[in-house]
Amino acid sequence: MSTQTPASTTSSGTASSTESVIELSGIDFGYTSTPVVEDISLRIDPGEYVAVVGPNGSGKSTLMKLMLGLLRPDEGDARLFGEPSRQFDDGERIGYVAQHASASKEMPITVREVVKMGRFPHVGFDRLIDDDQTVIDAVREDPLCTSRGALDAVFGRLSSEDWDIVDRALDTVGMTAFANRRVTQLSGGQRQRAFIARALASEADLLVLDEPTVGVDIESVEAFYDLLDALNRDGITVLLIEHDLGAVTEHAERVICLNREIYFDGSASEFVESDALARAFGTTANLLGGSR
Ligand SMILES: Nc1ncnc2c1ncn2[C@@H]1O[C@H](COP(=O)(O)OP(=O)(O)OP(=O)(O)O)[C@@H](O)[C@H]1O
């Protein structure tokens with residue numbers, strides 16, 4: 001099983017002395033005694049645009065959770081921005097956009113409110129202390145701010161600078177016109193843009209997206225990838241799990257092909273030329289129709 005890029009180099013093959021965004025060394029993990037990922041070593045540097053591909057059940061989401069410190073490896077070391085991933089607590093540096101991004105169905109929350117949530121880590125408890133007992137009580141009772149009262153309490157603490165950042169994030173993703181619309185009334189593509197805007201408002205350095213365009217119509221998918229390309233050009237590191245291999249090879253610079261082990265780690269163009277696809281997916285995969 002050969003990988004194309006050694007763990008200590010970037011996709012372009014040059015050694016890097018910058019702080020890595022993600023670094024995995026010798027990672028093994030299984031939910032049971034059966035290994036789900038094995039002997040994974042890789043490094044992702046600031047500004048990279050990396051896609052993780054692989055068949056269903058190949059361990060992509062598990063690998064992402066290990067990278068983000070949501071799972072503890074059985075063996076090996078996982079680091080986020082140079083710190084052990086399990087101890088990393090600088091959450092605003094990471095923007096996460098899940099598959100089928102959704103907001104609480106019970107809550108009539110608007111796009112602007114979703115984006116404002118990106119400012120929560122920046123509001124910080126120090127801005128609440130000794131000031132307004134109602135706010136402190138609301139957040140203490142409902143730390144995740146799922147109730148209207150808690151949300152309003154925290155929103156009330158945002159500064160005009162926070163508001164400007166929210167407006168800029170909405171503008172960047174082209175959602176200003178939808179700012180006051182409830183997220184439950186958006187198309188899949190619009191909803192994903194709202195969640196990207198939330199990540200931008202939190203001033204994330206790393207954007208992690210887990211199959212973000214599932215269920216999104218074709219034109220919106222194109223526009224969505226154009227947005228990701230633009231954000232990456234602006235310096236945001238993009239880590240994408242994607243089943244649409246055509247989109248991956250068109251947009252990502254680096255492809256990591258996984259099926260329990262890493263079958264390929266290198267540039268998108270080398271991936272297209274390699275036999276990794278057939279080895280990892282079997283013969284049914286092709287770059288035009290996606291993997292499923
Ligand atoms: N919480 C869990 N407990 C036990 N097994 C799990 C759990 N989550 C995933 N698995 C198993 O681990 C393996 C890898 O799953 P994972 O979700 O990481 O794959 P994936 O490549 O993201 O799949 P897909 O493309 O279908 O989303 C699968 O066999 C899956 O059934």
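Colleague: Two strands pair if DSSP finds at least two bridges between them, right? So how many bridges join β6 to strand β7?

Modeller: That's the rule, and keep in mind that this is a predicted model. Four bridges link β6 to β7, which covers residues 206–210, and the two strands run parallel. For example, Ile94 has Leu206 of β7 as its bridge partner, and Val97 sits opposite Leu209 in β7.

Colleague: Nice. What lies beyond that, with β7 and strand β8?

Modeller: β7 also pairs with β8 (residues 237–241), again in the parallel sense, through five bridges. Asp210 has Ile241 in β8 as its bridge partner.

Colleague: And in what order do the six strands of the open sheet come?

Modeller: The order is β6-β7-β8-β3-β9-β10, with mixed pairing. At the edges are β6 (94–97) and β10 (261–267), each of which pairs on one side only. Neighbouring strands are turned against each other by 15° on average, ignoring direction.

Colleague: Which strands of the sheet does α7 touch?

Modeller: Helix α7 packs on the sheet against β6 and β7, and its direction makes about 170° with that of β6.

Colleague: Back to β7 for a second. Which of its residues point one way and which the other way?

Modeller: Leu206, Val208 and Asp210 point one way, while Leu207 and Leu209 point the other way. In a regular strand, side chains alternate between the two faces of the sheet. Five of the five residues in β7 are buried, Asp210 included.

Colleague: Changing topic: in the largest nonpolar core, which residues touch the most other members?

Modeller: Ala197 and Cys257 do, in a core of 76 residues. Helix α7 (residues 188–201) gives the most to this core, seven residues.

Colleague: What is Ala197 in contact with, leaving aside its neighbours within four places in sequence?

Modeller: Ala197 then contacts Val115, Ala169, Leu170, Thr172, Val173 and Met175.

Colleague: Last one, the ligand. Which residues surround the ligand?

Modeller: Tyr31, Val36, Gly54, Asn56, Gly57, Ser58, Gly59, Lys60, Ser61 and Thr62 do. By class, that shell has two nonpolar, seven polar and one charged residues.

Colleague: Some of those numbers look like helix α1. How many of the residues of α1 are buried?

Modeller: Helix α1 spans residues 60–67, and six of its eight residues are buried. The buried ones are Lys60, Thr62, Leu63, Met64, Leu66 and Met67.

Colleague: And what phi does Gly69 take, just after α1?

Modeller: Gly69 takes a positive phi of about 80°.

How values were computed. Residues numbered from 1 in each chain as written. Predicted model: local features only at pLDDT ≥ 70, side-chain atom pairs only at ≥ 80, totals over all residues. Near = placed C-beta within 6 Å. Nonpolar A, V, L, I, M, F, W, Y, C, P; charged D, E, K, R; others polar. Core = buried A, V, L, I, M, F, W, Y, C linked by C-beta atoms within 7 Å. Buried ≥ 20, exposed ≤ 12 C-beta atoms within 10 Å, placed from the backbone. Contact = placed C-beta atoms within 7 Å. Pairing = 2+ DSSP bridges. Axes fitted to C-alpha atoms, helices over the stretch in contact; angles between N-to-C directions.
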